Amino acid sequence: MFTMMASAANTAPKVSTSTGQCNAVMVLQKMLNYKRSAGLTTDGWFGKNTKNAVIAYQKKAFPNKPREWDGICGPKTWEALFRDCSVKRGDKNNLVLIVQHILNKVDNQTLNEDRDFGYATYCAVWNFQSKHGLGKDGE
């Protein structure tokens, strides 16, 4: 799963307070809520609370690199978030929902966003990995 997510990290847009409302910010908010219990409203707007949650996450992910604590979610922060988030077939949680949402938006899949990493999600991950030359394990 990390290889799929790392690929998504490299193509994810850099988001900050200057970003308008978008799906990337909503995914970021969902991931921060899942990983950090940030309590963010998942509305797609990158406001003060989202920026503060990104900075808090960056301080944890890059403890000895204060220059990374800029509150901007660029490739390094996306990659760290995706690395921290791992799911596999049979999982049923909010992280699976995030993966399903990313696959629907980034790869034009039509998955039910139901928090269940079942056969359909497995096949969608496998197809994504195949299309992008990643290790094909469906996880």
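Is S37 buried or exposed? With a relative accessible area of 65%, S37 is exposed, and its place is in the loop between α2 and α3. The structure described here is a predicted model, and its protein chain comes to 6 helices and 0 strands. Read along the sequence, the elements of the protein chain therefore give the pattern α-α-α-α-α-α, and the points below take up the chain as a whole, two helix pairs and a few residues in the loops.

**The chain as a whole**

- Of the 139 residues in the protein chain, 43% are buried.
- The protein chain exposes about 7300 Å², and carbon and sulfur atoms supply 46% of that area.
- Among the contacts in the protein chain with a separation of 6 or more, 45% are accounted for by residues 24 or more positions apart.

**Helix α2 against helix α5**

- Helix α2, which covers residues 23-36, packs with helix α5, residues 94-106, at an angle of about 165 degrees, and the axes of the two helices are 10 Å apart.
- Because angles over 145 degrees count as roughly antiparallel, α2 and α5 are roughly antiparallel to each other.
- The crossing that α2 and α5 make is left-handed.
- On the α2 side the residues in this contact are N23, V27, K30, M31 and Y34, and they meet N94, L95, I98, H101, I102 and K105 in α5.
- By residue type, the contact of α2 with α5 divides into 6 nonpolar, 3 polar and 2 charged residues.

**Helix α2 against helix α4**

- Helix α2 also packs with helix α4, residues 75-84, and here the angle is about 45 degrees, with the axes 11 Å apart.
- An angle of this value falls outside the ranges for roughly parallel, roughly antiparallel and roughly perpendicular pairs, so α2 and α4 are oblique to each other.
- Where α2 passes α4, the crossing is left-handed.
- The contact is made by A24, V27, L28, M31, L32 and K35 of α2, together with W78, L81, F82 and D84 of α4.
- The residues of the contact of α2 with α4 divide into 8 nonpolar, no polar and 2 charged.
- V27 and M31 of α2 appear in the contact with α5 and also in the contact with α4.

**Residues with positive phi**

- S37, introduced above as a residue of the loop between α2 and α3, has a phi near 50 degrees, which is a positive value in a residue other than glycine.
- R115 is likewise a residue other than glycine with a positive phi, in this case near 70 degrees.
- R115 is found in the loop between α5 and α6, the latter helix covering residues 119-131.
- With a relative accessible area of 38%, R115 is partly exposed.

**Glycines in the loops**

- G47 has its place in the loop between α2 and α3, where α3 covers residues 48-61.
- The relative accessible area of G47 is 29%, so this glycine is partly exposed.
- Although G47 and S18 are 29 residues apart in sequence, they are 9.0 Å apart in space, C-alpha to C-alpha.
- G90 is found in the loop between α4 and α5.
- G90 counts as exposed because its relative accessibility is 53%, and over 50% is the cut-off for that class.
- The C-alpha atoms of G90 and G118 are separated by 6.0 Å, while the two residues are 28 residues apart along the chain.

Note on methods
Residues numbered from 1 in each chain as written. Predicted model: local features only at pLDDT ≥ 70, side-chain atom pairs only at ≥ 80, totals over all residues. Heavy atoms only, no water. Axes fitted to C-alpha atoms, helices over the stretch in contact; angles between N-to-C directions. Helix = DSSP H or I, 4+ residues; strand = E, 2+ residues; numbered from the N terminus. Parallel < 35°, antiparallel > 145°, perpendicular 65-115°, else oblique. Left-handed = near helix turned anticlockwise from the far one by under 90°. Contact = heavy atoms within 4.5 Å. Nonpolar A, V, L, I, M, F, W, Y, C, P; charged D, E, K, R; others polar. Buried < 20%, exposed > 50% of the residue type's maximum accessible area, 1.4 Å probe, protein only. Areas by Shrake-Rupley, 256 points an atom, 1.4 Å probe, with all protein chains shown as cover.
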